[in-house]
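The following note is offered to a colleague who is about to examine this structure. Its points are numbered so that each may be checked against the coordinates in turn.

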Amino acid sequence: MPKSLFVDPKKMRAPGKITFQDIPVNAYKKTLIQEKKNFSNDDLVRVYRDMSVLREFESMLNAIKTQGTYNGIDTTYPGPAHLSIGQEASAVGQAYLLDRNDFIFGSHRSHGEILAKSLSCIEKLSDSELMKVMEDFLGGKTLRAVEKMSKSTSVKELAIEFILYGTLSEIFARDNGFHKGLGGSMHAFFLPFGVYPNNAIVGGSAAIATGAALYKKCNKKDGIVICNIGDGALGCGPVWESFNFAAMDQFKTLWESDKNGGMPILFNVFDNSYGMGGQTRGETMAYDMLARIGAGISPTQLHTERVDGFNPLAVIDAIRRKKALLEKGEGPVLLDVVTYRFSGHSTSDQNAYRSKEELEAWSEIDPCTTYREALVHANIAQDDRFDEIWNETRERMTTICKWASDPEISPYLDFKKDFYTVERLMYSNEKVAKFDDRAPEVLVPKTECVSYNKIKEKVRTPYVDGKPTPKLKLFNIRDAISEVILDKYYEDPTLISYGEDVRDWGGAFAIYRGFSDAIPYSRLFNSPISEAAIVGSAVGYGLCGGRAIVELMYADFIGRAGDEIFNQLSKWQAMSAGILKMPVVLRISVGSKYGAQHSQDWVALCAHIPGLKVCFPATPYEAKGLMTTALNGTDPVVFFESQRIYDMGEQFREDGVPAEPYEITIGDTNVVKQGSDITILTIGATLYKAVEAAKILEEKHGLSAEIINLHSLVPLDYAKIVESVKKTGKVVLASDACARGSFLNDIARNISELCFDYLDAPPVVVGAQNWITPPFEFDEFFFPQPAWILDAINEKILPLKGHIPSINYTPVEQMRRAKMGV
């Protein structure tokens with residue numbers, strides 16, 4: 001919607017045609033003799049050595065999974081093993097030119113990529129650099145274990161043992177693993193070599209890798225990003241969202257000159273023809289050749305080509321050319337790398353979906369055989385040199401397997417000794433005001449920012465000289481959120497914000513209004529309508545070391561980003577054993593007035609997922625303090641905002657909202673009204689209905705209600721709640737979420753257990769009806785009203801003299817609704 005991009009009706013309606021360029025298919029034709037100018041003999045042999053390491057590693061795991069033994073070592077491993085036997089040339093070829101500044105992300109089948117990238121880095125780094133990496137990682141713990149067993153006198157050989165041992169220990173769930181065994185086979189990584197997390201969710205790395213590329217682009221970091229996925233992932237919507245997100249026109253049309261250009265990301269598809277047992281080409285997909293899809297994404301066709309992944313030199317050649325394009329700002333790039341897995345989807349796979357003839361046909365051109373033969377034929381090395389390589393590889397792998405299997409050398413995390421190990425890793429709970437010391441990039445000083453000055457003019461107290469502050473002049477929840485975000489823009493140079501319509505429009509609910517005059521495009525930009533890519537890319541941006549605020553316009557859209565919120569944003573800190581941080585704030589607006597698909601309170605969904613912090617402020621004071629805390633922290637925070645109350649000023653603090661920064665501890669609660677006879681707990685906009693109900697209770701029934709607003713759901717400190725309930729003996733809980741499955745039910749249960757001896761009646765939950773949300777005209781019949789709170793008190797807690805119920809809260813009605821599913 002930028003005014004600078006004129007939508008010309010003449011051009012839009014002009015006749016013509018769309019043309020495409022030919023997409024190269026297995027075009028590499030060089031001979032080894034021709035390639036000698038690019039490689040030394042040792043280089044070409046090392047490629048084979050690396051392939052042998054990958055093959056033996058996976059063969060070792062296969063033997064353990066299927067037979068319980070490997071080279072005389074009897075051991076078991078109950079976890080997953082999605083092996084890439086047959087795909088070694090593709091992984092080694094990809095990694096050959098990469099260094100530690102280049103990041104790779106993988107899938108559930110990425111052991112080989114971890115090893116190939118690490119072996120490439122080991123070759124390029126000096127002995128002193130390698131020792132520093134190993135000494136610094138986890139305080140040298142993994143290195144100490146390797147040094148005790150290793151007989152190597154070479155630092156590079158020690159580093160190879162280190163990477164094999166750390167990876168296998170991680171797969172075996174051992175404490176010496178690269179993240180203490182908490183990630184395991186499908187989530188392993190090693191950041192010092194640019195090996196970023198692999199992902200058990202098919203296609204899960206696409207959006208995360210896109211976010212990593214965004215981090216490099218926005219923060220001018222060296223290196224490229226490679227997203228490794230399988231051809232089965234092309235059936236996943238988030239992958240397509242990521243292709244488009246990475247190729248957005250605005251990178252070349254709107255971003256400032258020093259950041260103008262394409263994203264430095266290569267989407268690398270290991271095209272082994274299968275997604276589990278479903279055959280992609282000819283059965284489950286429609287593209288015929290996978291490379292075709294590049295033509296549908298952008299005019300560059302993503303510089304797509306199909307490459308023979310059974311020839312490591314063909315892959316190296318392709319990576320060399322595509323890497324150069326990315327470094328010139330011409331990304332993104334897509335590679336369709338043809339390969340094949342000789343092993344099944346997993347070790348329990350019986351290969352019932354493919355023929356013996358097919359397996360034999362591919363085995364006849366096994367790169368571990370054909371590339372060896374080619375090297376011998378070109379006089380690069382004698383054949384017995386490769387026998388030596390295999391002997392060295394197997395001997396090393398046998399030793400590594402023995403170490404990693406030995407519980408004395410490689411112990412498991414001891415949950416009996418320390419039951420709270422994982423608990424401590426769920427949140428990092430660190431405070432980092434900024435993630436880089438460079439000056440933030442802004443267009444004008446903050447004092448010249450339109451939004452800043454408008455907010456500064458607002459009155460922050462509800463009364464001035466005893467008179468109510470006019471609504472239009474009163475500092476409200478929208479102002480509170482905007483103020484904190486704007487301040488952080490001028491403090492943390494890594495901060496970026498994006499979502500649907502956040503720039504020129506200022507966000508659907510005007511949080512960013514006026515920001516576009518002060519914040520450059522690269523730090524505040526409109527995203528596609530791609531919720532999965534929005535959240536997933538923020539995960540990648542955050543785990544690489546930047547701070548991101550992303551927005552989902554409505555809570556109802558959480559489902560469009562379900563995996564990214566529930567499996568990615570929430571889990572990587574703990575799965576990494578605390579190595580990764582996730583400084584991401586996900587802003588979600590809870591709708592009003594827009595019916596069944598735009599007005600749902602889904603707070604409970606996020607509160608249910610371990611690893612997320614969840615807030616829902618209902619006052620300006622709460623909103624400012626919580627957003628300040630969230631933007632100073634290192635944990636993922638889902639920040640809910642009610643559309644009903646964006647314009648609500650501060651009503652409960654006589655001194656209003658401070659102009660200076662302050663924090664509210666996430667987990668604290670807000671006692672907005674003192675009382676002695678009954679406790680009312682609220683979440684979100686229902687606070688204001690509760691205030692009305694409390695007024696009626698006091699005026700008509702002589703009851704003093706204490707109101708506590710739960711602005712934080714996770715974590716949640718029950719101290720003030722318990723204190724209040726012990727004092728009043730009665731409690732009702734209210735929110736706009738449907739009553740069934742509401743987070744309030746969890747709170748009610750805890751109150752029952754914590755305050756049982758003090759309760760005069762069970763806690764009562766008042767929520768919205770278990771229906772679809774009807775149009776706005778019927779709000780009073782769907783969302784909690786003051787009268788509903790009184791009805792619940794009258795029927796379930798304390799009879800209210802003269803009260804006439806407006807809604808049926810009797811046990812008979814409660815059972816009827818449950819039986820009907822409403």
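1. The model is predicted, and the remarks below should be read accordingly. A convenient place to begin is the pairing of two strands: Val-585 stands opposite Val-637, which belongs to strand 17. Strand 15 (residues 584-590) and strand 17 (residues 637-642) run parallel and are joined by 6 bridges.

2. These two strands take part in an open sheet of 7 strands, ordered 13-12-14-15-17-16-21, with mixed pairing. At its edges are strand 13 (524-526) and strand 21 (712-714), each of which pairs on one side only. On average, neighbouring strands here are turned by 20° against each other, direction ignored.

3. Another open sheet has 5 strands in the order 3-4-5-9-8, and its pairing is parallel. Strand 3 (103-105) and strand 8 each have a single partner strand, so one side of each is left without a neighbour in the sheet. From one strand to the next, the twist averages 25°. Strand 3 pairs with strand 4 (residues 225-230) in the parallel sense over 3 bridges, and Phe-105 has Cys-227 of strand 4 as its bridge partner. Helix 10 (residues 237-246) packs on this sheet, where it touches strand 4, strand 5 and strand 9. The direction of helix 10 makes about 150° with that of strand 5.

4. Strand 9 (residues 333-338) deserves separate attention. How many of its residues are buried? The count is 6 of 6, so described because each falls under 20% relative accessible area. Val-333, Leu-335 and Val-337 point one way, while Leu-334, Asp-336 and Val-338 point the other way. In a regular strand, side chains alternate between the two faces of the sheet. In strand 9 the residues pointing either way are buried, Asp-336 among them.

5. Strand 9 has parallel partners on record in two pairings. Strand 5 (residues 265-271) is joined to strand 9 by 6 bridges, with Asp-336 as the bridge partner of Val-269. Strand 8 (residues 305-308) is joined to strand 9 by 4 bridges, and Val-307 stands opposite Val-337. Strand 8, helix 13 (residues 312-327) and strand 9 together make a right-handed β-α-β unit.

6. Two helices may be checked for their length. The 23 residues of helix 16 (residues 383-405) should span 33 Å at 1.5 Å a residue, and the end C-alpha atoms are indeed 33 Å apart. Its buried residues include Phe-386, Trp-390, Arg-396, Met-397 and Trp-403. The buried residues of helix 16 pack against helix 3, strand 1 (69-70), strand 2 (73-74), helix 7 (141-149), helix 8 (155-171) and helix 15 (367-377). Helix 18 (residues 477-489), with 13 residues, reaches 19 Å from its first C-alpha to its last, close to the expected 18 Å. Because 12 of its 13 residues are buried, helix 18 is largely enclosed by the rest of the structure. Charged residue types appear among those buried in helix 18, including Arg-478, Asp-479, Glu-483 and Lys-488.

7. The largest nonpolar core holds 190 residues, of which Leu-168, Phe-193, Leu-214, Leu-234, Ile-565, Phe-640 and Ile-747 touch the most other members. Helix 3 (residues 41-67) supplies the largest share of this core, 12 residues. Apart from it lies another core, of 69 residues, including Ala-480, Met-627, Tyr-688 and Ile-793. Not counting residues up to four places away in sequence, Ile-747 touches Leu-681, Leu-710, Leu-716, Tyr-718 and Leu-733.

8. Finally, some backbone details merit inspection. Most residues other than glycine have a negative phi, and most peptide bonds are trans. Gly-331 and Pro-332 are joined by a cis peptide bond, with omega about 0°; Pro-332 lies in the loop between helix 13 and strand 9. Val-714 and Pro-715 are likewise joined by a cis peptide bond, with omega about -10°, and Pro-715 is in the loop between strand 21 and helix 25 (719-728). Leu-302 has a positive phi of about 55° and is found in the loop between helix 12 (280-284) and strand 8. At 0% relative accessibility, Leu-302 counts as buried. Ala-577 has a positive phi near 60°, in the loop between helix 21 (572-575) and strand 15. With 12% relative accessibility, Ala-577 also counts as buried.

Methods
Residues are numbered from 1 along each chain as its sequence is written. This is a predicted model: local features need pLDDT of at least 70, side-chain atom pairs count only at pLDDT 80 or more; totals for chains, interfaces and linings use all residues. Side-chain values use heavy atoms; hydrogens and water are left out. A nonpolar core is a set of buried Ala, Val, Leu, Ile, Met, Phe, Trp, Tyr and Cys residues joined through side-chain atoms within 4.5 Å. Buried means under 20% relative accessible area, exposed over 50%, partly exposed in between (1.4 Å probe, protein chains only). Contact means heavy atoms within 4.5 Å. Two strands pair if DSSP finds at least two bridges between them. Axes are lines fitted to C-alpha atoms, for helices over the stretch in contact, and angles run from 0 to 180 degrees between N-to-C directions. A crossover is right-handed if, with the strands pointing away from the viewer, the path from the first strand over the helix to the second runs clockwise. The expected span of a helix is 1.5 Å times one less than its number of residues.
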